[in-house]
Amino acid sequence: MLAAPARLLLSRCCVSALPADKVRCSERRLEATCFPPMAALSPEEESPVGRMVADPVSLCEWQAWGSSSTIPSLVVDVIDDLRDLERDLDACMNFGGHGGKLRGPLKIPEDKKRRTLFQSLTDSEQKIQYFAARQIAHRVLGSRGYLCQRCWLAKEDCMCSRVVPCSLWNGIRFWLYMHPKDFLRQNNTGKLLWQLFGTQSVSLCIFGIHEHEEMMWDAFRSSGKEKIWFLYPSKSAAPKLVQDIFLNSLYSSLDGQMMDSKDQPLNFVLIDGTWSNSAAMYRRLKDQWMTLWGEEEPPSISIAISNVSVMHKLRPQPSWDRTCTAAAAAGLLSELHHFHPELCEHGLDKQAEAVEDTLEVLLDALTKRRLRKGRSITRKDRKMVSLR
């Protein structure tokens with residue numbers, strides 16, 4: 001079981017102050033271990049400066065961002081502390097710049113309290129959970145009134161009217177295991193899956209958010225380990241290919257007929273983060289798998305990247321043999337359709353096409369935004385600009 005989060009209240013912590021340089025070194029060590037450096041957010045992810053967000057976050061608002069859970073307790077604590085800081089300093093929260101970071105009169109006092117609290121935590125699990133909760137709290141507050149809650153794009157670029165929802169076969173359930181820094185990123189593609197298939201078929205699980213991870217592992221315990229697959233090219237163990245998954249033994253009834261797997265779907269975990277962050281995310285999954293079932297390696301599968309994702313044009317991957325989260329899901333559905341004839345009647349190929357079509361819609365929306373703002377949309381031109 002994952003450790004329950006401590007109730008960490010920034011403005012209520014009574015810890016001894018430590019030298020700022022030691023606090024910063026400790027944070028850098030943890031983030032270097034658990035959260036490898038990420039590339040700077042792209043310009044289309046900028047948010048405007050000066051939004052005031054004093055109101056608390058309701059359950060309705062939280063779930064509108066794509067989560068089916070209650071509001072995580074530690075996220076509530078971080079938000080409450082920010083609101084207390086507003087009252088104590090008689091100032092308003094302002095978010096802006098890359099990633100909607102906290103700015104204005106609250107930035108320095110909040111940062112000091114964060115560093116002091118972070119250094120006071122001796123348990124690495126608490127540090128991971130606090131890091132994740134703070135990221136999520138700031139992103140939710142900083143995106144209010146700016147991003148569309150369904151597509152995570154700036155409201156002026158909303159693409160929701162162009163997305164045609166469809167049903168995912170009930171024998172499959174996707175788990176989107178997302179890094180906190182990918183939550184509410186405008187060019188994130190994982191969000192397209194629940195926008196297309198709905199939150200009943202695609203569940204968001206944020207790395208380090210206790211309630212999310214417990215919900216996912218509870219579902220895995222109920223389904224059994226033979227119905228769980230991690231879509232990740234593990235280096236320590238050769239991953240299986242889609243055609244190696246034995247579905248007949250899982251979905252055949254006593255008389256040899258295919259069963260309706262509504263109550264016990266196959267669970268496919270998609271790791272949604274940068275390639276540098278995905279290693280730490282996979283290690284966390286491996287550790288929990290070992291705790292739960294005593295096996296060192298969780299069942300991993302990989303797909304054949306036959307077609308480069310359209311998002312490669314705007315959001316380059318480290319190499320051409322890697323792809324974005326939504327394209328990986330489309331590839332998985334397509335391969336399940338082609339390599340397992342017993343699944344052909346469920347229309348997985350059509351569902352894969354729907355994902356690819358929605359990726360085109362996202363690419364178009366982000367491209368138009370870049371052009372409107374006078375920014376480059378080609379890989380070559382952006383690389384040349386970065387070298388200057």
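Helices in this description are DSSP runs of H or I that span at least four residues, and they are numbered from the N terminus. With that convention, D364 and K368 can both be placed in helix α11, where they stand 4 residues apart, about one turn of the helix. The structure is a predicted model, and what follows should be read with that in mind.

The side chains of D364 and K368 form a salt bridge, in which the closest N and O atoms are 3.2 Å apart. Both partners fall in the intermediate class of accessibility, since D364 is partly exposed with a relative accessible area of 23%, while K368 counts as partly exposed at 49%.

Helix α11 also takes part in the interior of the protein. The largest nonpolar core has 82 residues, and those with the most contacts inside it are M159, I172, F174, F183 and F268. The largest share of this core, 10 residues, is contributed by helix α11, which covers residues 348-372. Where does M159 make its contacts, once residues up to four places away in sequence are set aside? M159 touches C151, L153, L192 and Q195, and it also reaches T358, V361, L362 and A365. A second core, separate from the first, consists of 18 residues and includes W175, Y177, A219 and F220.

Beyond the pair within α11, there are other charged contacts to follow, and the count of salt bridges comes to 17. Side chains of opposite charge can pair when their charged atoms come close. One such pair joins R369 and E156, whose side chains meet with an N to O distance of 3.3 Å. This salt bridge links distant parts of the chain, because R369 belongs to helix α11 whereas E156 sits in the loop between α5 (124-143) and β4 (172-178), 213 residues apart. Is each partner buried or exposed? R369 is buried, with a relative accessible area of 3%, whereas E156 counts as exposed at 56%. The pair is also part of a wider arrangement, for E156, D157, R369 and R372 are linked in a network of salt bridges.

A further salt bridge brings together the side chains of R87 and D84, with 2.1 Å from N to O. Both residues lie in helix α3 (residues 73-89), 3 residues apart, about one turn of the helix. Their surroundings contrast, as R87 is exposed with a relative accessible area of 55%, while D84 counts as buried at 12% relative accessibility.

Definitions and conventions: Residues are numbered from 1 along each chain as its sequence is written. This is a predicted model: local features need pLDDT of at least 70, side-chain atom pairs count only at pLDDT 80 or more; totals for chains, interfaces and linings use all residues. Side-chain values use heavy atoms; hydrogens and water are left out. A nonpolar core is a set of buried Ala, Val, Leu, Ile, Met, Phe, Trp, Tyr and Cys residues joined through side-chain atoms within 4.5 Å. Buried means under 20% relative accessible area, exposed over 50%, partly exposed in between (1.4 Å probe, protein chains only). Helices (H or I, at least four residues) and strands (E, at least two) are DSSP runs, numbered from the N terminus. Contact means heavy atoms within 4.5 Å. A salt bridge is a side-chain nitrogen of Lys or Arg within 4 Å of a carboxyl oxygen of Asp or Glu.
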